[in-house]
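Please read this briefing alongside the sequence and the coordinates shown below. The points are grouped by topic, beginning with one helix and its surroundings.

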Amino acid sequence: MAYEQELRVAELAVQRASLLTKKVFNEKAKGELAKDDKSPVTKGDFGAQALIIQAIAQNFPDDEIVGEEEASELRQESALRAEIWDLVKDIKLDDKASDELLGGPLPSEEAMLDIIDKGNSPGGPKGRIWALDPIDGTKGFLRGGQYAVCLGLIVDGDVKVGVIGCPNLPVDNAQSLTADIGGQQSDAEGKGVLFSAVKGEGSKSRPLTNAALAPSNPISMRPVPDTSKAVFCEGVEAGHSNQGDNAAVAKRLGITAPSVRLDSQAKYCSIARGAGDIYLRLPVKKDYQEKIWDHAAGDLIVREAGGQVTDVNGKRLDFSKGRTLADNKGVVAAPAALQDQVIDAVQVVLNLK
Ligand SMILES: Nc1ncnc2c1ncn2[C@@H]1O[C@H](COP(=O)(O)O)[C@@H](OP(=O)(O)O)[C@H]1O
Ligand SMILES: [Mg+2]
Ligand SMILES: [Mg+2]
Ligand SMILES: [Mg+2]
């Protein structure tokens with residue numbers, strides 16, 4: 001199997017980081033800060049980024065990392081930094097061999113900041129680059145809804161490995177189609193799914209655990225006889241995708257079922273396992289460039305499960321352009337057999353044809 005070691009390290013690193021995010025999810029005070037672009041970041045985002053980068057750096061020291069977060073604010077916020085270190089230093093998997101594979105604990109509070117800042121690669125078309133979103137859907141995380149810990153390995157611009165941990169998704173696929181899946185969550189019994197894919201080898205899922213990896217099962221998109229029978233997965237945040245345009249596309253496709261709304265790349269994961277069929281992310285702001293860490297892992301997991309992922313012009317997502325998807329606008333993910341029809345409807349609604 002290709003990329004066996006990379007997959008194992010990535011899955012265990014995401015599983016370990018999810019232990020931290022779950023702790024923070026259940027705390028009332030999540031240590032929220034506002035970044036320069038006004039978007040939120042929490043103790044969970046910083047802590048998970050530190051833990052995952054540590055695992056990558058221990059195992060693949062020459063690889064580059066494009067991580068969403070950076071430590072500059074933490075260098076000034078000593079109280080918050082100490083709280084994060086308090087969490088990070090105690091997080092370990094309950095399986096010794098798995099924990100040792102990740103290189104054990106971080107050395108110190110000071111080192112934690114430098115480790116977070118190793119996620120500063122500019123990305124680009126050459127070499128091995130990990131795209132890391134320590135908490136995707138931070139607004140969902142703060143609201144008590146869905147969120148995801150996402151890690152993808154891009155080699156020479158092509159996504160080869162994708163791993164996404166969804167601590168609040170039900171292990172039972174059938175329960176994922178309920179209307180309140182994106183609403184208030186608890187990570188009680190039966191919650192927590194780890195999705196993964198390797199290029200050319202299909203997608204799979206397994207329950208998230210506190211210890212070694214659980215057994216996995218292959219996943220695939222469900223067959224949809226025609227577009228009118230499809231179910232949309234959409235974001236919750238009106239500022240992240242154009243819900244009016246999404247609704248107009250649904251109407252053109254004859255879709256009457258209500259959309260399943262949930263934050264984060266859990267949308268890619270949901271359609272990849274047949275809990276929903278089409279993920280639309282139509283642009284709200286014309287000049288917004290999507291970030292590679294918001295899509296790398298999900299793009300591969302959907303394509304390896306039988307889907308197609310493109311932008312609104314039907315062009316594949318291009319992960320070789322740096323930290324953003326500079327050459328793409330919006331995202332359309334659907335079963336491969338339906339993609340052309342969905343793109344057609346999107347183009348009509350956006351007046352692109
Ligand atoms: N104007 C915008 N358009 C599209 N995506 C945006 C956006 N502003 C922020 N985002 C991204 O939307 C992601 C969440 O997507 P969703 O709404 O599907 O949950 C955020 O990831 P983070 O939560 O990791 O910051 C952020 O990167
Ligand atoms: Mg963010
Ligand atoms: Mg994100
Ligand atoms: Mg994030």
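**Helix H4 and its cover**

In helix H4 (residues 78-88), the buried residues are Arg-81, Ile-84, Trp-85, Leu-87 and Val-88. These residues lie on the same side of H4, because the arc that they cover around the axis is only 160°. The model discussed here is a predicted one.

- On the other side of H4, the exposed residues are Ala-79, Ala-82 and Asp-86.
- The buried residues of H4 are covered by elements including helix H1 (4-25), helix H2 (43-59), helix H3 (72-76) and helix H6 (109-116).

**Surroundings of ligand 1**

- There are 18 residues around ligand 1, and among these Gly-137, Thr-138, Gly-235, His-240 and Asp-263 come nearest.
- Both domain 1 (4-219) and domain 2 (227-349) contribute to the shell around ligand 1, with at least three residues from each.
- At least two residues of this shell are supplied by strand E4 (128-136), and at least two by helix H7 (138-143).
- Sorted by class, the shell around ligand 1 consists of eight charged, eight polar and two nonpolar residues.

**The protein as a whole**

- The secondary structure of the protein amounts to eleven helices and 14 strands.
- The protein is as compact as a globular protein of its length, because its radius of gyration, 19 Å, is close to the 20 Å that the globule rule gives for 353 residues.
- Taken along the principal axes, the box that the C-alpha atoms fill is roughly 55 × 40 × 40 Å.
- Of the 353 residues, 51% count as buried.
- Of the contacts between residues at least 6 apart in sequence, 74% join residues that are at least 24 apart.

Conventions:
Residues numbered from 1 in each chain as written. Chains lettered and ligands numbered in written order. Predicted model: local features only at pLDDT ≥ 70, side-chain atom pairs only at ≥ 80, totals over all residues. Near = placed C-beta within 6 Å. Helix = DSSP H or I, 4+ residues; strand = E, 2+ residues; numbered from the N terminus. Nonpolar A, V, L, I, M, F, W, Y, C, P; charged D, E, K, R; others polar. Domains from an automatic or database assignment. Buried ≥ 20, exposed ≤ 12 C-beta atoms within 10 Å, placed from the backbone. Arc of directions from axis to C-beta. Contact = placed C-beta atoms within 7 Å. Rg over C-alpha atoms; globule rule 2.2 N^0.38 Å.
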